[in-house]
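User: Could you take a close look at one part of this model for me, the place where the two protein chains meet? I'd like to hear what sits around it too.

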2 protein chains.
Amino acid sequence: MPKARANAEDGRRRRPADGGYARGDETRARIISAALDVFGTHGFGGASTRMLAESAGVTLPALHYYFDSKEGVYLACAEHIAEQLDGRFRGLTHDVANALAGAPPPRARLLDMLLTLVDGFADFFLGGHELEKWVMFIIREQAQPTKAFDIIFERVMQRTFNTLATLVGRLLERPASDMEVRIRTFTLIGQLVFFRTAREAAVRLTGWRDFDGERLKLVKRVLRTQIAAAFAPEQKLSRRRKS
Amino acid sequence: MPKARANAEDGRRRRPADGGYARGDETRARIISAALDVFGTHGFGGASTRMLAESAGVTLPALHYYFDSKEGVYLACAEHIAEQLDGRFRGLTHDVANALAGAPPPRARLLDMLLTLVDGFADFFLGGHELEKWVMFIIREQAQPTKAFDIIFERVMQRTFNTLATLVGRLLERPASDMEVRIRTFTLIGQLVFFRTAREAAVRLTGWRDFDGERLKLVKRVLRTQIAAAFAPEQKLSRRRKS
DNA sequence: GTCTATAGTCGGATAGAC
DNA sequence: GTCTATCCGACTATAGAC
């Protein structure tokens, strides 16, 4: 895939020295917004600069003016995704992170927080926001990670996962670093994300066209049931102890 | 992505009329084998015919001799994947399908079958076979399905999913067509597949390099625990009844 | 059946006018 | 900052010798 660039600022062109965020910034934003869509749908290799330009309603050289190269546009997309996801997920995990930092909440409260969190993630992953193409962007990066993956992983995934793992850990009375805790956290997320990564299969297997309204409610109910069962006190953990 | 072709046999060139599977069939197989790797890694757009040819150790025109076009190679890959997956999954689900066709097995036996099945799927999705690149091939198709997705869906996914759903349905005392049953089946698979689709994230979050040996055992143990809990008799289903 | 050579197209990127 | 026009390399695909 793309060659690394020798110069400057993640492929983004430096702003002119006279300073000031001129009208061009709106164009810049429009390019990124369109590129998210195009890259998300076709991938880096499948998207052409001409597609990107047309989709953004700008001419081809505009792309190279605002971003040094196609890769520059791509990385700018990754940064945009990281920024937006970070904001969104921070909103979801904010209360949990606070609660976990303070006095240990009772078990019922912990489970409640987890269920609420999963509910929020379900809205995010199953609903049809503008954000939906981003997931494919990220999934593709997992097949062959570029700098874009580093950006998103370090700025969003790591923190969000650790918050979740800490919560799961509390429920299992183990630290967030425990591997069993981390695996369980991972499978938990997997249940949700699969509706997005295997969306076409999901659509065909359910006969649904989307996952909104009542359908979303059904999915959430199933998830709650399963998670509540998985974290039922008697079922706390499997036999083996680590140390 | 690729334009549909007007002619012949899923893009595969008809064999010469003198019949006979000459030496060329070995070349053909080598091309497909290499192409699976290249398409799996780079996607359709990201892969070039030159890559395909070099990787297979053939010259460029050989590609067009055996397959009409780049798309022909791609579709042949899809057929290969469908064929192999079908074989593999039939092996896994064979006993289950038989058991479900006969006299209703006791509940404990049903759960046991489900756990065994999940074990088998875990080996498949987490282990590092030759088959590993295929998953990315399929995941990409979910973003923007082409004929390749139809091939794989109809030949493998549908049947495998329905077997699983039937089993899950029995455990929940509902038909395989019930939406709650299908959703639960879907989340079940999601837990497994996520280790492959989000492999890079999984690797970074666990610090593991692969999911073999003891690590695979840990993942399997976690899955068994969770599934057993989710299908515990008391936890049979959520409140609502359908009809 | 397999090659070399090449046609024809489209890709990313740039020059230079305005 | 934004455009038209264009370069040039890489791409898919084919023609035609062997």
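Analyst: Let's start with what counts as touching: two residues are in contact if their C-beta atoms, placed from the backbone, lie within 7 Å. Keep in mind that this is a predicted model, where local features need pLDDT of at least 70 and side-chain atom pairs count only at pLDDT 80 or more, while totals for chains, interfaces and linings use all residues. Residues are numbered from 1 along each chain as its sequence is written, and chains are lettered from A and ligands numbered from 1 in the order in which they are written.

On to the contact itself: chain A puts in 50 residues and chain B puts in 50 residues. On the chain B side, the elements giving two or more residues are α1 (24–46), α6 (132–143), α7 (147–172), α8 (179–197), α9 (199–206) and α10 (213–230). Helices here are DSSP runs (H or I, at least four residues), numbered from the N terminus. The largest share of that side comes from α8(B), with 13 residues. By class, the chain B side splits into 27 nonpolar, 16 polar and seven charged residues. For that count, Ala, Val, Leu, Ile, Met, Phe, Trp, Tyr, Cys and Pro are nonpolar, Asp, Glu, Lys and Arg are charged, and the others, Gly among them, are polar.

One of those interface helices, α7(B), also packs against α5 (residues 107–126) of chain B, at an angle of about 145 degrees and with the axes 9 Å apart. Those axes are lines fitted to C-alpha atoms over the stretch in contact, and angles run from 0 to 180 degrees between N-to-C directions. From α5(B), the contact uses Leu110(B), Leu111(B), Met113(B), Leu114(B) and Leu117(B), and these meet Leu164(B), Leu167(B), Arg170(B) and Leu171(B) of α7(B). That makes eight nonpolar, no polar and one charged residues.

Then there's the DNA. Strand D has 19 residues around it, the closest being Pro61(A), Ser48(B), Thr49(B), Ser69(B) and Lys70(B). A residue is near a strand if its C-beta atom, placed from the backbone, lies within 6 Å of it. Elements giving two or more residues to this surface are α1 (24–46) and α3 (60–66) of chain A, plus α2 (49–56) and α3 (60–66) of chain B. The largest share, four residues, comes from α3(A). By class, the surface near DNA strand D has nine nonpolar, seven polar and three charged residues.
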